[in-house]
Structure formats: structure tokens, C-alpha cells
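Biologist: Could you take a close look at a single part of this model for me, the protein surface around one of the DNA strands? I would love a connected account with the cut-offs spelled out.

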Protein chains: 2
Amino acid sequence: MTAESTSGTSRQPAVRRAPARRVSMADVARLAGVSAQTVSRVSNGHPSVVGSTREQVLDAMRRLGYRPNSAARALKYGEFRTIGVILFTLSSVGNSRTLEAIVDHAAHEGYAITLIPVAVPTQDGVLGAFTRLGELAVDAVIVIMEVHLLDAATMTLPLGIPAVIVDSNGGDRYTVVDTDQADGTRQAVRHLLDLGHRTVWHVAGPEDSYAAERRAETWRATLTEAGLPVPAMARGDWSADSGYRAGLALADEPGCTAVFAANDQMALGLLRAFHEKGKVVPRDVSVVGFDDITDATSFIPPLTTVHQDFTEVGRHCVERVLRQVHHRRTKPGTTLVPTRLVVRSSTAPPPA
Amino acid sequence: MTAESTSGTSRQPAVRRAPARRVSMADVARLAGVSAQTVSRVSNGHPSVVGSTREQVLDAMRRLGYRPNSAARALKYGEFRTIGVILFTLSSVGNSRTLEAIVDHAAHEGYAITLIPVAVPTQDGVLGAFTRLGELAVDAVIVIMEVHLLDAATMTLPLGIPAVIVDSNGGDRYTVVDTDQADGTRQAVRHLLDLGHRTVWHVAGPEDSYAAERRAETWRATLTEAGLPVPAMARGDWSADSGYRAGLALADEPGCTAVFAANDQMALGLLRAFHEKGKVVPRDVSVVGFDDITDATSFIPPLTTVHQDFTEVGRHCVERVLRQVHHRRTKPGTTLVPTRLVVRSSTAPPPA
DNA sequence: GCGCTGGTTGTTTGCGTAAACATCGATCAG
DNA sequence: CTGATCGATGTTTACGCAAACAACCAGCGC
């Protein structure tokens with residue numbers, strides 16, 4: 001899934017070896033001395049099979065190690081009860097928590113999840129994922145894309161399959177589910193301003209992330225609306241280390257008393273940088289994060305942050321995509337999942 | 001996947017609605033005025049289709065929104081090119097990193113990954129997952145189970161499907177891949193002893209985790225071998241918060257100058273507890289973690305920890321399971337992935 | 001002109017399963 | 001004793017695709 005380790009095109013050439021003829025119903029039927037249909041009935045727990053026959057069949061199944069062929073089943077039923085999830089990386093906490101919520105909720109609805117990694121975060125990579133989609137055993141797709149790759153050209157591709165996009169701005173053409181980035185950011189910035197800070201610095205996420213852009217925009221807008229100066233923005237890559245580097249610079253910035261980091265991991269880096277520079281959080285500088293990862297309660301000090309409800313995001317994704325699967329036409333549109341500020345110990349009024 | 005949000009049995013009753021008759025090759029063939037076989041050839045990029053015909057077919061495909069039916073394909077080819085991964089939770093960093101590595105490597109081999117969540121971490125839950133396995137479109141399984149549920153009774157079930165287990169002790173009966181827990185632990189404890197500490201305290205993971213048990217055992221053994229006293233062991237649940245609680249107690253322990261935490265997140269909690277209790281790490285207490293999560297470099301202070309090579313674990317899983325898929329029959333056995341200690345700033349000689 | 005070659009397209013067939021329908025035998029009411 | 005009924009089981013068929021084979025048509029050398 002990471003760019004280094006995978007190449008979409010390096011996929012093995014489709015050498016179709018002679019399929020290793022597995023045990024089929026016919027084999028079981030032969031051994032048990034019954035018809036294939038009876039085996040099918042036993043396999044599906046159909047009632048009208050007499051006990052002794054059932055036992056014979058079960059015994060034959062065991063002896064042969066029979067396993068029903070889900071391809072044949074799916075072919076008959078016309079569905080896989082599986083949802084594909086297209087994503088680029090699992091290393092961000094947000095992605096992995098969203099995925100977990102999706103898996104949870106899908107399981108609850110009787111659906112499994114197939115992961116479709118995007119080899120490289122380029123249009124080609126996304127295209128490749130959509131192509132592979134056709135070969136995969138899925139009834140619908142959820143796209144978790146935190147990068148600017150879903151423009152009109154690319155996204156017109158996956159025709160004919162129910163799809164939901166997480167974290168994008170294509171709400172007019174597609175079904176989109178997202179955290180309410182703007183509201184969360186506004187709460188974070190307002191919280192710092194309400195404490196009395198003259199302005200708020202920002203450590204943004206990478207440029208190619210919609211979420212990062214949305215948070216940066218809203219940070220800027222909130223300051224501007226309040227008639228406050230907008231300080232220079234630092235740019236990180238979501239990692240704690242990038243937050244640390246940004247923090248070393250900010251620590252030397254004279255009037256910097258409040259920083260809003262675009263995620264908790266960068267906030268962690270900030271805390272370390274300030275600590276090393278001898279600045280005490282929150283006495284000298286206040287720090288707010290975004291995500292509310294579980295570890296945030298154990299930062300030094302425990303982090304004030306914007307709580308994202310990943311569970312809710314996952315639930316909405318599954319619900320909306322399954323609604324499409326079941327032919328209940330839905331119109332495109334965005335579902336925003338609300339956020340809330342969790343105040344812990346990393347924020348305080350500015351030093352006197 | 002978490003116990004609260006999912007119940008394996010709540011799966012929708014298998015109401016088999018009339019399958020939504022999707023566009024098939026025959027439909028495309030009819031519109032394009034060719035045979036189904038020609039559509040198949042175009043669909044698979046077979047060379048011997050003349051340009052004009054190809055265009056007609058492609059056009060018909062577009063107009064009808066044709067999407068090849070992977071069930072039929074899989075039925076013909078006898079394989080799905082998909083590996084199932086059975087796991088209980090994604091919330092542990094280890095699981096999610098291992099999964100990512102598996103996804104990466106599987107994609108590299110042209111395989112997709114289907115997640116099979118275990119509803120509840122009981123034998124029934126695992127059993128349910130294995131049952132669902134039969135209905136799923138997978139060629140093999142990788143089991144990521146950090147709990148004691150794979151005993152003989154349960155594990156005899158998934159007969160006839162290639163399988164690899166991560167993080168278990170069933171190496172004699174199954175193919176197992178694991179991090180070398182023992183060696184990693186030994187390195188951690190020896191490092192602290194070599195620095196001059198009189199003994200090493202331990203904050204263990206939950207009892208139902210093999211990994212946690214292995215680390216605890218080895219910690220104990222290493223101390224015993226060195227002829228040192230074995231202090232009382234604290235028990236956490238992998239979370240930073242549980243580490244914090246353990247740390248509050250350890251901070252009051254008189255001779256406690258070195259602590260080995262069974263994972264980095266608990267180590268994070270320890271750092272906070274010591275900080276709040278006025279103990280300076282590493283001057284007053286040394287702390288070592290396990291995992292080497294990326295954030296560990298940004299803890300205060302940066303954490304000395306045992307590096308686990310999740311990528312390598314994932315790679316071995318995929319390799320070994322695919323070997324079973326292709327060459328049929330490999331003997332069981334355990335593959336141990338080596339660890340290495342990464343020394344950062346959370347360890348030092350004991351106070352004089 | 002004839003048959004041959006090679007490239008393009010069509011036809012037949014079967015993958016494993018389960019619904020629909022057919023059959024068979026036993027039981028039972030009249 | 002007969003025929004209706006019903007439960008257990010077997011037979012046929014179709015799901016969508018692609019391999020194997022067949023058919024067809026050009027162009028070519030002789």
C-alpha cells in the first residue's frame with residue numbers, strides 16, 4: 001500500500017495454471033451414494049433430508065474435505081455480500097479507524113470487506129484500482145481517499161457499481177461521507193481565541209489531502225472573521241516527526257502562544273519540540289490537535305483535541321452504500337459527521 | 001470488530017432476493033451484433049479482434065455499463081486471487097501494521113485481501129469466522145489472533161484451505177509466522193541490566209495474548225538467569241491509559257529504576273505517570289517499550305524500544321500461504337522474524 | 001483456379017451450485 | 001383396496017464466462 005513496496009503493474013502475469021480441481025458436490029454425492037442436489041440440501045441445512053442420509057453426506061464431506069465453492073454460489077445468487085474498500089494507506093490512524101468501523105458495520109449487515117490497495121497515489125494508481133475492481137468479487141465500493149485524485153476524469157470510471165466516497169469534495173456528483181472538518185476546526189480555533197490568545201498558529205497536513213486543506217482554510221477563515229492576523233502556516237505530513245520539526249521553528253517565534261495542529265500525531269511532535277525548547281505546555285504555549293486518538297489522553301500533557309467519530313463515519317458509509325446495492329436509489333450528496341472539542345490539559349490562557 | 005459493535009449472529013437472515021440481473025456478456029454481444037465470445041475476447045484484451053469490432057464492443061459495453069462478473073470468472077478459473085484475513089481488532093498498532101504489510105505484499109503478488117472480522121473473542125466467535133470462511137470468496141486464510149482461542153479443538157476446523165497463523169504457538173500443527181518475542185524481550189531486559197540497573201520491572205499486556213505472555217515469561221527468565229530478583233509484575237491491556245495507571249503505582253515503588261513495557265503505548269502512559277510524579281526519565285527511571293511505533297521517536301523523551309518488523313511478518317505470511325496455494329502441501333513450522341533494540345533517550349544508568 | 005495459410009469470428013461445452021420440477025414410495029382416509 | 005397426499009430424493013436447467021474447437025474469409029504461391 002505504501003508507494004515503495006508495491007507496484008500496481010508488477011502484478012504477476014495472469015498465468016492461469018490448471019485449476020487444482022477441488023472437491024465438488026458431485027464428488028461428495030458419489031461417495032455418499034446420493035445426488036448432488038441432496039448434498040446441496042445438506043450443505044444449506046435444508047430440512048427435507050432424512051437423518052440417516054444427512055449423516056452419510058456429512059461423513060462424505062468430512063472424508064473428502066469438502067468446502068463449498070463460493071464462486072458457484074455467488075454466480076447463482078448474483079451477489080458476493082462483500083464490499084470493496086479502496087484506500088491508499090492504513091498507516092494514518094484516521095484511515096485505519098475508519099476502516100475498522102466499516103468492517104464492523106459491514107459484518108453486522110452480513111457483508112465482508114475486500115481491501116483494494118492503490119499502489120501509488122497517482123491517477124494511474126487510482127485507475128488501476130478501479131480496473132482491478134472489475135475483477136474482484138465485490139458488490140459495492142467505498143473509497144477512502146485522502147488525496148486529490150478523484151477529479152472528474154478519474155471518477156467517471158467506476159460506472160455501474162454502487163460507491164461511496166469518504167473525505168472528498170465531490171458531493172455533488174457522488175455519495176460522500178465525511179467528518180465535519182470545518183466545524184471541528186472552528187471549535188478548536190475559537191477555543192484558543194476564547195482563552196484570550198491573540199491569534200493561533202497552524203501546522204497543516206500535506207497539501208494533497210482534502211482534509212488538511214479544509215482544516216487550513218477554516219483556520220484561516222476563522223481568524224480572518226475575528227479580525228485577527230493570520231500567521232505563517234507550517235506544513236507537516238501528518239507524522240509526529242514533521243510536527244516536531246514545525247515545533248522547533250514555532251518555539252522561536254516570539255508571539256506564538258497557541259498552535260492548532262491538523263492532527264494529534266503532529267501535536268505530539270509539537271509537545272516534544274516545546275518541551276525540548278524549555279517551553280511549558282500549556283503555561284507558555286497552548287496546543288490543540290485533531291482526531292482524538294486514544295493515546296492523546298496520555299500525552300504530556302493530555303491533549304486538547306477535536307474528536308472525530310470514526311465509528312459514525314464508517315457506519316454511514318456502509319449504510320449509504322448498501323442502500324444503493326439494494327436498489328433504493330439514493331441521490332448523491334454529502335453526509336457530514338459532527339465533531340466535538342475535547343478539552344484536556346494542553347490549553348490555557350496565554351502567559352500574562 | 002470490537003465486541004460491542006458487532007455480533008456474528010446478527011447477520012441478516014439469508015433472504016435471497018431475486019438477483020438484480022445485471023448486464024452480461026450476452027447483452028453486450030447482442031447490442032454490438034457479435035458473439036459473446038468476441039465480447040469475452042475484448043474484455044480480456046485478447047489480440048485477435050480487429051479494431052472496428054473491438055470499438056463496437058467497447059461502445060456497447062460503455063452504453064450498457066457492463067462489468068464483468070467475477071463470480072463466473074472465478075468459477076471458470078477455480079481461484080479468486082484473494083486471501084482472507086481473520087482478525088479480531090485493528091485498533092492495536094501491531095495488527096494494523098501487519099495487515100498493511102499483508103495487503104501490500106498480497107497486492108504485489110496479484111492477490112486482494114478480504115477481512116473476516118471475529119465478532120467476539122471467544123471460541124464461538126472464531127468458529128463463526130471459520131464458518132463464514134466457507135461462504136467467502138477466498139483461496140487461503142491468514143489468521144491474526146492475539147488471543148488464546150486457537151486451541152486444538154477450534155483449529156482443526158478449517159480443513160482443506162491453506163492457512164497461516166500469526167502470533168500463536170501452534171507451530172507444530174500449523175504454519176506460523178511471528179515476531180521473535182523472546183529475543184526482543186531479552187535484548188530489552190539485557191540492555192537495562194547492562195546499564196547497571198539492579199533489576200527490571202515489567203508492565204505486561206493482557207493475559208489472553210500469546211505475545212504478552214511470551215514477553216512476560218522471557219522477562220522473568222532473563223532476570224532469573226542473571227540471578228536477579230523478579231519484582232511484582234503489573235498488568236495492562238496494551239492501552240496507554242493502562243500504562244499510565246501502572247506507572248502511577250511504579251513511581252511509588254522505592255527501588256524501581258527500570259521498567260520494560262510490553263508495548264510502546266503502555267510505555268507512553270508510563271512516561272506520563274513518571275512525569276506527573278516528578279520522576280525524570282531517564283535520569284530517575286529508564287523505560288523501554290516494544291513495537292517501535294512511528295510515534296515513539298516523538299515521545300518525551302524519545303523511546304528506547306524493541307523494533308518489530310511488521311513488514312517482514314506480513315511478507316512471510318503471504319509468501320507461506322501462497323506457497324500452500326500453489327504447491328500444495330508444505331510442512332507446518334514457525335517462521336520467526338528477528339527484532340532489534342532501538343536505543344533512544346528513555347534509558348540511562350540508574351541514579352547513583 | 002486451387003489449395004493452403006493465418007487471422008478473425010462463431011459455436012459448443014463445462015466450471016459448481018441450487019431453484020424448479022419430476023419421481024418415487026409410503027401412509028392414510030374413504 | 002384405491003387413490004390422494006406428502007415427504008424424501010433425483011433430474012434438469014441456468015447462472016456468466018472463456019477454453020477448445022469449428023467455420024469462415026482473405027491473400028498467396030503455384
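Modeller: Happy to! Around DNA strand D, H4(B) gives the most to the surface, with four residues; helices here are DSSP runs (H or I, at least four residues), numbered from the N terminus. Please keep in mind that this is a predicted model, where local features need pLDDT of at least 70, side-chain atom pairs count only at pLDDT 80 or more, and totals for chains, interfaces and linings use all residues. Side-chain values use heavy atoms, without hydrogens and water, while residues are numbered from 1 along each chain as its sequence is written, with chains lettered from A and ligands numbered from 1 in the order in which they are written.

In total, 24 residues surround DNA strand D, where near means that a heavy atom of the residue lies within 4 Å of the strand. The closest are A:Thr53, B:Met25, B:Gln37, B:Tyr66 and B:Arg73. By class, the surface has nine nonpolar, ten polar and five charged residues; Ala, Val, Leu, Ile, Met, Phe, Trp, Tyr, Cys and Pro count as nonpolar, Asp, Glu, Lys and Arg as charged, and the others, Gly among them, as polar.

On the DNA side, 59% of the strand D atoms within 4 Å of the protein belong to sugar or phosphate, and the rest to bases. B:Gln37 reaches a base: one of its polar side-chain atoms lies 2.6 Å from a base nitrogen of strand D. Phosphate oxygens of strand D pair with B:Ser40, through a side-chain N or O atom at 3.0 Å, and with B:Asn44, through a polar side-chain atom at 3.1 Å. Helices H2 (36–43) and H4 (70–77) of chain A, and H2 (36–43) and H4 (70–77) of chain B, are the elements that give two or more residues to this surface.

Definitions and conventions. A polar contact is a pair of N or O atoms within 3.5 Å; within protein, one must be able to donate a hydrogen and the other to accept it, and residues adjacent in sequence count only if both atoms are side-chain atoms.
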